[in-house]
Amino acid sequence: IHSINKWYMNGSKYFSDLWNVMDTLGILYFISGIAFRLHSSNETSWYSGRVIFCLDYIIFTLRLIHIFTVSRNLGPKIIMLQRMLIDVFFFLFLFAVWMVAFGVARQGILRKNEQRWEWIFRSVIYEPYLAMFGHYPSDIDGTTYDFDSCTFLGNESKPLCVEVDSNNLPRFPEWITIPLVCIYMLSTNILLVNLLIAMFGYTVGSVQENNDQVWKFQRYFLVQEYCSRLAIPFPFVIFAYIYMVMRKLFKFCCKNEYRESSICCKLFSSDT
């Protein structure tokens, strides 16, 4: 309720804060989960609601990190994490260029006429992403390729087999595929990852230089946020918000100069 009130008071500026975005996502996920769980007769809706509640639990648990911003030691570390997320965003943009370039070339060299979008996504995006963490692709070397782990017709839950020649051997040239993977893993695992580490080091150093000042600002904003809230505990705070909404409605009603003031208007105007 407090998040909805802040959204109403601040408008679009409300979403400039990461914690407010997490609050909004948590509320939307919670409402969606309840909506799915109400359809108890449908097993698919029941399961979807459970999945949404699990994701909502992750959001609300991570939201607890905001409490530790008041700590002199943990507060600046949380600011470092927030700024490092921005660094990760720019890193992923650079990484996506290498990943798509390698994934599309790999898919075009190894396989022909793959029609299943989920397996195209696996081959172009998912497997090159895992290669950044050291997962070496197993379908680029003809000497170790296993035809039992793939399908020729595309009617099984397996990746499409590589294109074969007249001798039923993989057609792809190993002098292209193996160096291509080596160059890709060299670029991502060494160059891009070390670039990300350097960006993290610069971000941590810039925050560490103003450690005390950053902590004081964060503590001020946290105290200001909780001072703006009502002191009434949940669930009694619901009645306070209902009273505030009714008072605003009556104040809006009484602003009309052509309408005669009623007893209710006089009652609520006396409170202000």
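Reader: Why is Arg106 called buried?

Author: Its relative accessible area is 3%, and buried means under 20%, so Arg106 gets the label. Bear in mind that this is a predicted model. As for its place, Arg106 is in helix α4.

Reader: What makes the link between the side chains of Arg106 and Glu127 a polar contact?

Author: The two side chains are joined at 2.4 Å, and the cut-off for a pair of N or O atoms is 3.5 Å, with one able to donate a hydrogen and the other to accept it. So the pair makes the list.

Reader: Which residues is Arg106 in contact with, leaving aside neighbours within four places in sequence?

Author: Ser123, Glu127, Pro137, Asp139 and Ile140. To count, heavy atoms have to come within 4.5 Å.

Reader: And Gln107, why is that one called buried?

Author: Gln107 has a relative accessible area of 12%. The bar is under 20%, so Gln107 counts as buried. Gln107 also sits in helix α4.

Reader: What is the polar contact of the Gln107 side chain?

Author: A polar contact of 2.5 Å joins it to the side chain of Ser123, and the limit is 3.5 Å. Ser123 also turns up among the contacts of Gln107 beyond four places in sequence, along with Glu114, Ile120 and Val124.

Reader: How do you know whether Leu81 is buried, partly exposed or exposed?

Author: Look at the relative accessible area of Leu81, which is 49%. Buried needs under 20% and exposed needs over 50%, so Leu81 lands in between, as partly exposed. Leu81 is another residue of helix α4. Its C-alpha lies 9.3 Å from that of Phe200, although 119 residues separate the two along the chain.

Reader: Why are α4 and α6 called roughly antiparallel?

Author: Helix α4 (residues 74–110) and helix α6 (residues 174–209) pack at about 170 degrees, their axes 9 Å apart. Angles over 145 degrees count as roughly antiparallel, so α4 is roughly antiparallel to α6. The residues of that contact come to 26 nonpolar, six polar and two charged.

Reader: What label does Glu174 in α6 get, and why?

Author: Glu174 belongs to helix α6 and has a relative accessible area of 30%. That value isn't under 20%, and it isn't over 50% either, so Glu174 is partly exposed. From Glu174 to Ile140 the C-alpha distance is 7.0 Å, with their positions 34 residues apart in sequence. Ile140 also featured among the contacts of Arg106.

Reader: What makes a set of residues a nonpolar core here, and how many residues does the largest one have?

Author: The members must be buried residues of the nonpolar kinds, joined through side-chain atoms within 4.5 Å. The largest such set has 22 residues. Phe91, Phe95, Leu110, Tyr145, Val162, Val181 and Tyr184 have the most contacts inside it. Helices α4 and α6 each supply at least two of the core's residues. Tyr184 is in contact with Phe95, Trp98, Met99, Phe102, Pro128, Tyr129 and Ala131, once its neighbours within four places are set aside.

Reader: Zooming out, how many helices and strands are there?

Author: Nine helices and zero strands, so the run from the N terminus reads α-α-α-α-α-α-α-α-α. Of the 272 residues, 28% count as buried. Among contacts with a separation of 6 or more, 61% come from residues 24 or more positions apart.

Key
Residues are numbered from 1 along each chain as its sequence is written. This is a predicted model: local features need pLDDT of at least 70, side-chain atom pairs count only at pLDDT 80 or more; totals for chains, interfaces and linings use all residues. Side-chain values use heavy atoms; hydrogens and water are left out. Axes are lines fitted to C-alpha atoms, for helices over the stretch in contact, and angles run from 0 to 180 degrees between N-to-C directions. Helices (H or I, at least four residues) and strands (E, at least two) are DSSP runs, numbered from the N terminus. Angles under 35 degrees count as roughly parallel, over 145 as roughly antiparallel, 65 to 115 as roughly perpendicular and the rest as oblique. Ala, Val, Leu, Ile, Met, Phe, Trp, Tyr, Cys and Pro count as nonpolar, Asp, Glu, Lys and Arg as charged, and the others, Gly among them, as polar. Buried means under 20% relative accessible area, exposed over 50%, partly exposed in between (1.4 Å probe, protein chains only).
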